[in-house]
Amino acid sequence: MPTLAGTVCMGLITIVMGVQVSIAAPNELESKRADVAKGEKVFVRHCAGCHGSEGKGDGYLLLGPEPANLTRPTTKKRSDTMLLQTIHEGKPNMPSWKTRLSEGDSRNVLAYIRTLKK
Ligand code: HEC
């Protein structure tokens, strides 16, 4: 016979799982909604100078860290969250884009970077 504690516990698990599902769904939709064509425009205008037109890191070389080759496996393996953070915060030799790109454009440009071939 189920105890009261057991019933409450199952109830909580159901609620927790329900919440996770409803949090996960909009995120998934958001990444699908990213506009690669818009992302390409952002990339050409703001990023290609350093990262190169194909993202291979062959743009301007400054003294210090070289622009990342965005098609390399190391970058491909990084999570969206991590790369979005780099785009927002910048890096040594890379400006911060937080105030210049909207949240949507940051996602769009990341979606475009994800399409770049090695
Ligand atoms: C002034 C040159 C410059 C510009 C402009 C620039 N970047 Fe960068 N970017 C860099 C450098 C340099 C690094 C690597 C820094 C390091 O290795 O510490 C980097 C790293 C990155 C990374 C991290 C890659 C990884 O593997 O972690 C991403 C993502 C990135 N840039 C995206 C962009 C996007 C998107 C834009 C345009 C909105 C942009 N960058 C514009 C110089 C630039």
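Lys-117 is exposed, with a relative accessible area of 65%. The cut-off for that label is over 50%. The model is predicted.

**Around Lys-117**

Lys-117 sits in the segment that follows α5. Leaving aside residues up to four places away in sequence, Lys-117 touches Lys-56 and Thr-71. Its side chain also reaches back to Thr-115, whose backbone oxygen is 3.4 Å away. Arg-72 is 45 residues from Lys-117 in sequence, yet the two C-alpha atoms are 9.1 Å apart in space. Arg-72 leads on to the ligand: a polar atom of its side chain lies 2.7 Å from a ligand oxygen.

**The iron site**

Which residues coordinate the iron atom of the ligand? His-51 does so through NE2 and Met-94 through SD, at 1.9 to 2.1 Å. The iron has six donor atoms, and the angles among them run from 85 to 179 degrees. The site is octahedral. For six octahedral donors, the ideal angles are 90 or 180 degrees.

The pair links distant parts of the chain. His-51 belongs to helix α2, residues 36–51. Met-94 is in the loop between α4 (80–89) and α5 (103–115). They are 43 residues apart.

Is His-51 buried or exposed? Its relative accessible area is 12%, so His-51 counts as buried, the limit being under 20%.

**Ligand surroundings**

There are 24 residues around the ligand. Those that come nearest are Cys-47, Cys-50, His-51, Thr-75 and Met-94. Polar side-chain atoms of three residues approach ligand atoms as follows.

| Residue | Ligand atom | Distance |
|---|---|---|
| His-51 | nitrogen | 2.7 Å |
| Arg-72 | oxygen | 2.7 Å |
| Arg-78 | oxygen | 2.8 Å |

His-51 thus appears in two roles: as an iron donor through NE2, and in a polar side-chain approach to a ligand nitrogen.

**Helix α5**

Does the length of α5 agree or disagree with its residue count? The helix has 13 residues. The expected span is 1.5 Å times one less than the number of residues, so α5 should span 18 Å. Its end C-alpha atoms are 19 Å apart, which agrees.

Which residues of α5 are buried? They are Ser-106, Asn-108, Val-109, Leu-110, Ala-111, Tyr-112 and Ile-113. These buried residues pack against α2, α3 (73–77) and α4. One of those partners, α2, carries the iron donor His-51. Past α5, the chain continues into the segment that holds Lys-117.

Terms used:
Residues numbered from 1 in each chain as written. Predicted model: local features only at pLDDT ≥ 70, side-chain atom pairs only at ≥ 80, totals over all residues. Heavy atoms only, no water. Donors = N, O, S within 2.8 Å, 3.2 Å for Na, K, Ca; no water. Tetrahedral: all angles 85-135°; square planar, octahedral: opposite > 155°, others 65-115°. Helix = DSSP H or I, 4+ residues; strand = E, 2+ residues; numbered from the N terminus. Buried < 20%, exposed > 50% of the residue type's maximum accessible area, 1.4 Å probe, protein only. Contact = heavy atoms within 4.5 Å. Polar contact = N/O pair within 3.5 Å; in protein donor to acceptor, adjacent residues only side chain to side chain. Near = heavy atom within 4 Å.
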